Amino acid sequence: MSDARIFEDLKHDHDRHRALLAQLGETSGASEERSTLFESLRQELQAHAAAEEESLYATMLGNPDLREEARHSVSEHKEIDDYLGELVETDMSSSAWLIKFKQMRHRYLHHIDEEEEDMFPEAADTLSSADEKRMAAVFESRKPKELERAANELPGDERE
Ligand SMILES: [Fe+2]
Ligand SMILES: [Fe+2]
């Protein structure tokens, strides 16, 4: 059942990410709007990926039938984190920033579509409802903590 709370939580975040990514694509130059929206997106994507790894992907990695899928997603998180780091380093008023942003957006939209279409249904078919409950509890308690942490932690910073 991929309508379990954990998957609803994750999809709810994804929808916010889609909206933020669309809004950011409409901004221009080194505007206040672009820098505010980008900072929200950066913190949100870092915190979401971290809390998702601590809940869903930690559980999937522990299951031999789901391990490869989990590794694939975690490696995409790393790729997105690298993009975010490059965006932080790039002058927002340059055309290079928007080009890089659009590459990152394309990759991230692919990532969350794949999670929703492949990873979540497969995890839902394989894991127990006790696992699903526990993952929701972990995600919901970790996400606000990861948001606080992301506020002070740039992409690529060493964790733990
Ligand atoms: Fe993810
Ligand atoms: Fe996700």
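**Figure 1. The site of the iron ion (ligand 2) in the predicted model.** Four residues coordinate the iron ion (ligand 2): H14 and H48 through NE2, and E52 and E115 through OE, at 2.1 to 2.3 Å. The 4 donor atoms subtend angles of 85 to 173 degrees, and the arrangement is therefore irregular. Four donors would count as tetrahedral if all angles lay between 85 and 135 degrees. Along the chain, the donors of the iron ion (ligand 2) follow the spacing H-x33-H-x3-E-x62-E. The pair H14 and E52 links distant parts of the chain, with H14 in helix α1 (residues 5-25) and E52 in helix α2, 38 residues apart. Both H14 and E52 are buried.

**Figure 2. The site of the iron ion (ligand 1).** Here the donors are E52 (OE), H77 (NE2), H111 (NE2) and E115 (OE), which coordinate the iron ion (ligand 1) at 2.1 to 2.2 Å. The angles among the 4 donor atoms run from 86 to 171 degrees, and this site is irregular. In sequence, the donor residues of the iron ion (ligand 1) are spaced E-x24-H-x33-H-x3-E. H111 and E115 belong to helix α4 (residues 95-126); because they are 4 residues apart there, about one helical turn separates them. An α-helix has 3.6 residues a turn, so residues three or four places apart point the same way. H111 and E115 are buried.

**Figure 3. E52 between the iron ion (ligand 1) and the iron ion (ligand 2).** The iron ion (ligand 1) and the iron ion (ligand 2) lie 3.1 Å apart, and E52 bridges them. E115 is listed among the donors of the iron ion (ligand 1) and also among those of the iron ion (ligand 2). H77 and H111 are donors to the iron ion (ligand 1), while H14 and H48 are donors to the iron ion (ligand 2).

**Figure 4. Helix α2 and its bend.** Helix α2 covers residues 32-61, which is 30 residues. From its first C-alpha to its last, α2 reaches 41 Å, close to the 44 Å expected at 1.5 Å a residue. At E53, α2 bends by about 45 degrees. E52, in helix α2, is the residue that bridges the iron ion (ligand 1) and the iron ion (ligand 2).

**Figure 5. Helix α5, its kink and its buried residues.** Helix α5 (residues 129-151) has 23 residues and should span 33 Å at 1.5 Å a residue; its end C-alpha atoms are 33 Å apart, so the two values agree. A kink of about 30 degrees lies at K143, shortly before the proline P144. K143 is also one of the buried residues of α5, along with E132, M135, A136, F139, E146 and A150. The buried residues of α5 pack against α1, α2 and α4.

**Figure 6. The chain around these views.** The chain has 5 helices and 0 strands, and its elements run α-α-α-α-α from the N terminus on. Its C-alpha trace spans about 50 × 30 × 25 Å along the principal axes. A compact globule of 160 residues would have a radius of gyration near 15 Å, and the 16 Å of the chain agrees with this. Of the 160 residues, 42% count as buried. Among contacts with a separation of 6 or more, 78% involve residues 24 or more positions apart.

Terms used:
Residues are numbered from 1 along each chain as its sequence is written. Chains are lettered from A and ligands numbered from 1 in the order in which they are written. This is a predicted model: local features need pLDDT of at least 70, side-chain atom pairs count only at pLDDT 80 or more; totals for chains, interfaces and linings use all residues. Side-chain values use heavy atoms; hydrogens and water are left out. Helices (H or I, at least four residues) and strands (E, at least two) are DSSP runs, numbered from the N terminus. The expected span of a helix is 1.5 Å times one less than its number of residues. The bend at a residue is the angle between axes fitted to the seven residues ending there and the seven starting there. Donors are N, O and S atoms within 2.8 Å of the metal (3.2 Å for Na, K and Ca); water is not among the atoms, so sites may look incomplete. Four donors count as tetrahedral if all angles lie between 85 and 135 degrees; four count as square planar and six as octahedral if opposite donors are over 155 degrees apart and all others between 65 and 115; anything else is irregular. Buried means under 20% relative accessible area, exposed over 50%, partly exposed in between (1.4 Å probe, protein chains only). The radius of gyration is taken over C-alpha atoms; the globule rule is 2.2 Å times the number of residues to the power 0.38. Contact means heavy atoms within 4.5 Å.
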